[in-house]
Amino acid sequence: MNCSIEKNIIVENLNLYYGTKQALFNIDMEIPRNKVTALIGPSGCGKSTFLRSINRMNDLIPKCRIDGSITYCGENIYGQGMDVIDLRRKVGMVFQKPNPFPMSIFENVAYGLRCQGVKDKIELQKTVKKALVDAALYDEVKDRLKENALSLSGGQQQRLCIARAIALSPDVILMDEPTSALDPIATAKIEDLINELKKDYTIIIVTHNMQQALRISDFTAFFLMGELMEFDETSKIFSHPKHQKTEDYITGRFG
Amino acid sequence: MTYRAKFEQELEDLKLELIKMGDIVISNINDGLKSFLSMDITLAEMTIKKDKMVNDYEKTIEKKCLQIILKEQPVAKDLRLITSVLKMITDLERIGDHAADISKMTIFMQKSLKPYVIPHMKLMTEASQKMIKKALDSFVKQDLGLANAVINDDDEVDAYFEEIKGIVAEAIRHNEIDADYALYMMMVAKYLERISDHAVNIGEWVIFSVLGEHNHNVIF
């Protein structure tokens with residue numbers, strides 16, 4: 001499922017329902033590859049729901065129903081015959097709260113690889129090291145790889161989760177408010193990391209921090225009450241938004 | 001419910017302060033010219049003192065703008081508005097300096113000089129004052145039409161300058177004017193001409209605050 005299409009995620013007429021309640025309305029969006037796309041909007045506007053629908057995390061929620069399509073690398077991810085495990089390997093996710101497994105730092109990153117059937121020790125070590133280096137964590141943990149991951153600080157744990165995601169060499173990384181539980185220094189580190197990672201990955205990030213969206217994203221999507229109000233280059237959204245609602249939100253007039 | 005009520009109030013206050021600064025500047029131009037035409041040294045000295053108020057306003061407004069940027073992290077039209085205020089106060093401050101410069105001419109002049117009175121000086125002053133008023137008005141109303149009008153009005157002031165220059169040259173040729181007085185008069189006319197240029201600058205910053213373009217260059 002490697003692909004080189006310029007717009008590698010195409011969302012068409014996406015509707016999502018939790019039981020009888022509709023959470024997303026007719027979303028149309030083309031997410032460019034190797035760019036950072038920020039999803040912004042007030043709480044409950046559907047941005048996290050939308051993010052989770054990109055790697056079918058919503059499948060785990062009972063009574064969640066979807067129509068419309070999300071095409072990733074030319075394939076409808078909600079189509080029959082889609083291998084969800086394979087999809088989630090290519091479309092990784094990092095959550096709001098760091099959630100390392102209660103095992104060693106090394107095993108956290110190696111876990112996904114082992115699940116994939118990688119048994120060769122040298123290959124495991126090589127891949128784990130590369131993922132930790134790429135997640136800008138290696139220098140801080142190289143002497144304590146066998147220690148429990150829960151002994152790391154919050155910011156380190158979050159970078160470990162990013163390392164865990166990129167160890168599987170995904171194509172897309174979804175991030176749901178990855179810095180909202182972190183202090184400013186740890187936040188800055190993650191932001192720098194995102195800037196580095198976009199060379200190799202397509203990143204979609206939910207954030208409540210407008211300045212963060214401005215700093216790290218190339219494109220910004222503004223969601224409101226389940227609708228995609230506006231999607232444009234970040235510089236345009238934060239200088240000349242087309243919709244009054246967008247302007248009101250980014251300037252803090254509501255939300 | 002209104003959000004960011006304090007922020008909204010701070011933006012309104014900024015506009016108000018700018019208008020107050022503008023009012024002092026306009027009245028100083030008036031008094032400067034009056035002191036020159038009537039050779040009133042006392043009025044000239046008072047006007048120069050009043051320029052300190054203009055400088056104080058510049059500092060106060062500048063501080064407020066920077067504090068708003070720091071605390072409120074403005075974006076989009078809010079950021080443009082605050083940036084344009086920061087630029088406009090520089091122009092207003094310069095205009096204030098020129099009003100003081102005109103008053104200084106009054107003080108430098110010898111009382112013994114014979115004034116050479118022509119209506120153009122007053123008309124030119126009125127035209128430049130109108131430009132400043134219009135520029136500030138266009139800012140408060142965020143009115144592009146008015147802002148563009150200010151830019152066009154500059155031609156009128158420039159035309160006055162050329163006319164005055166012609167009249168003074170003619171008067172020198174016919175020995176109708178003191179050479180010193182002629183020089184002071186031309187200096188005053190030049191200051192007025194510069195004042196209108198600064199009014200044009202203000203108009204251009206108003207256009208920026210509305211469109212994000214300055215002299216047709218997209219900035220933000």
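Helices are DSSP runs of at least four residues, numbered from the N terminus. The structure treated in these exercises is a predicted model.

**Exercise 1. The lining of the largest pocket**

Determine which helix gives the most to the lining of the largest pocket, and describe that lining by class.

*Solution.*
Step 1. The volume of the largest pocket is about 570 Å³.
Step 2. Its lining consists of 19 residues, and those nearest the centre are A:Arg88, A:Arg89, A:Phe101, A:Gly112 and A:Leu168.
Step 3. Two or more lining residues come from each of helix H2 (84–90), strand E6 (91–94), helix H3 (105–115) and helix H6 (154–166) of chain A.
Step 4. H2(A) supplies the most, with four residues.
Step 5. Sorted by class, the lining holds 10 nonpolar, five polar and four charged residues.

**Exercise 2. The second largest pocket**

State which residues line the second largest pocket and which helix has the largest share.

*Solution.*
Step 1. This pocket holds about 210 Å³ of space.
Step 2. Chain A is represented in the lining by A:Arg253, while chain B contributes B:Glu8, B:Leu11, B:Glu12, B:Lys15, B:Lys77, B:Asp78, B:Leu81, B:Gln142, B:Ser209 and B:Val210.
Step 3. At least two lining residues come from each of helix H1 (5–37), helix H3 (76–108) and helix H6 (179–211) of chain B.
Step 4. H1(B) has the largest share, four residues.
Step 5. By class, the lining comprises three nonpolar, two polar and six charged residues.

**Exercise 3. Helix H6 of chain B**

Compare the expected span of H6(B) with the distance between its end C-alpha atoms, and decide how far the helix is enclosed.

*Solution.*
Step 1. Chain B contains six helices and two strands, in the order α-α-α-α-α-α-β-β from the N terminus.
Step 2. H6(B) has 33 residues; at 1.5 Å a residue it should span 48 Å, and its end C-alpha atoms are 48 Å apart, so the two values agree.
Step 3. Because 24 of these 33 residues are buried, H6(B) is largely enclosed by the rest of the structure. For chain B as a whole, buried residues make up 49% of the 220 residues.
Step 4. After the helix comes B:Gly212, with a positive phi near 80 degrees.

**Exercise 4. The packing of H3(B) and H6(B)**

Classify the relative direction of H3(B) and H6(B).

*Solution.*
Step 1. The two helices pack at an angle of about 170 degrees, and their axes are 9 Å apart.
Step 2. Angles over 145 degrees count as roughly antiparallel.
Step 3. H3(B) and H6(B) are therefore roughly antiparallel to each other.
Step 4. Their contact has 21 nonpolar, six polar and six charged residues.

**Exercise 5. Positive phi outside glycine**

For B:Gln142 and B:His216, give the location of each residue and decide whether each is buried, partly exposed or exposed.

*Solution.*
Step 1. B:Gln142 is not a glycine, yet its phi is positive, about 50 degrees. This residue lies in the loop between helix H4 (120–141) and helix H5 (144–173) of chain B.
Step 2. The relative accessible area of B:Gln142 is 28%, so the residue is partly exposed. B:Gln142 also belongs to the lining of the second largest pocket.
Step 3. B:His216, likewise not a glycine, has a positive phi of about 65 degrees. Its place is the loop between strand E1 (213–214) and strand E2 (217–218) of chain B.
Step 4. Exposed means over 50% relative accessible area. B:His216 has 74% and is therefore exposed.

Note on methods: Residues are numbered from 1 along each chain as its sequence is written. Chains are lettered from A and ligands numbered from 1 in the order in which they are written. This is a predicted model: local features need pLDDT of at least 70, side-chain atom pairs count only at pLDDT 80 or more; totals for chains, interfaces and linings use all residues. Side-chain values use heavy atoms; hydrogens and water are left out. On a 1 Å grid over the protein atoms alone, a cavity is a set of points where a 1.4 Å probe fits but cannot get out, and a pocket is an open set with protein on both sides within 12 Å along at least five of seven lines; lining residues have an atom within 4 Å of a point. Grid points are joined across faces, edges and corners, and a volume is the space filled by probe spheres set on the points. Ala, Val, Leu, Ile, Met, Phe, Trp, Tyr, Cys and Pro count as nonpolar, Asp, Glu, Lys and Arg as charged, and the others, Gly among them, as polar. The expected span of a helix is 1.5 Å times one less than its number of residues. Buried means under 20% relative accessible area, exposed over 50%, partly exposed in between (1.4 Å probe, protein chains only). Axes are lines fitted to C-alpha atoms, for helices over the stretch in contact, and angles run from 0 to 180 degrees between N-to-C directions. Angles under 35 degrees count as roughly parallel, over 145 as roughly antiparallel, 65 to 115 as roughly perpendicular and the rest as oblique.
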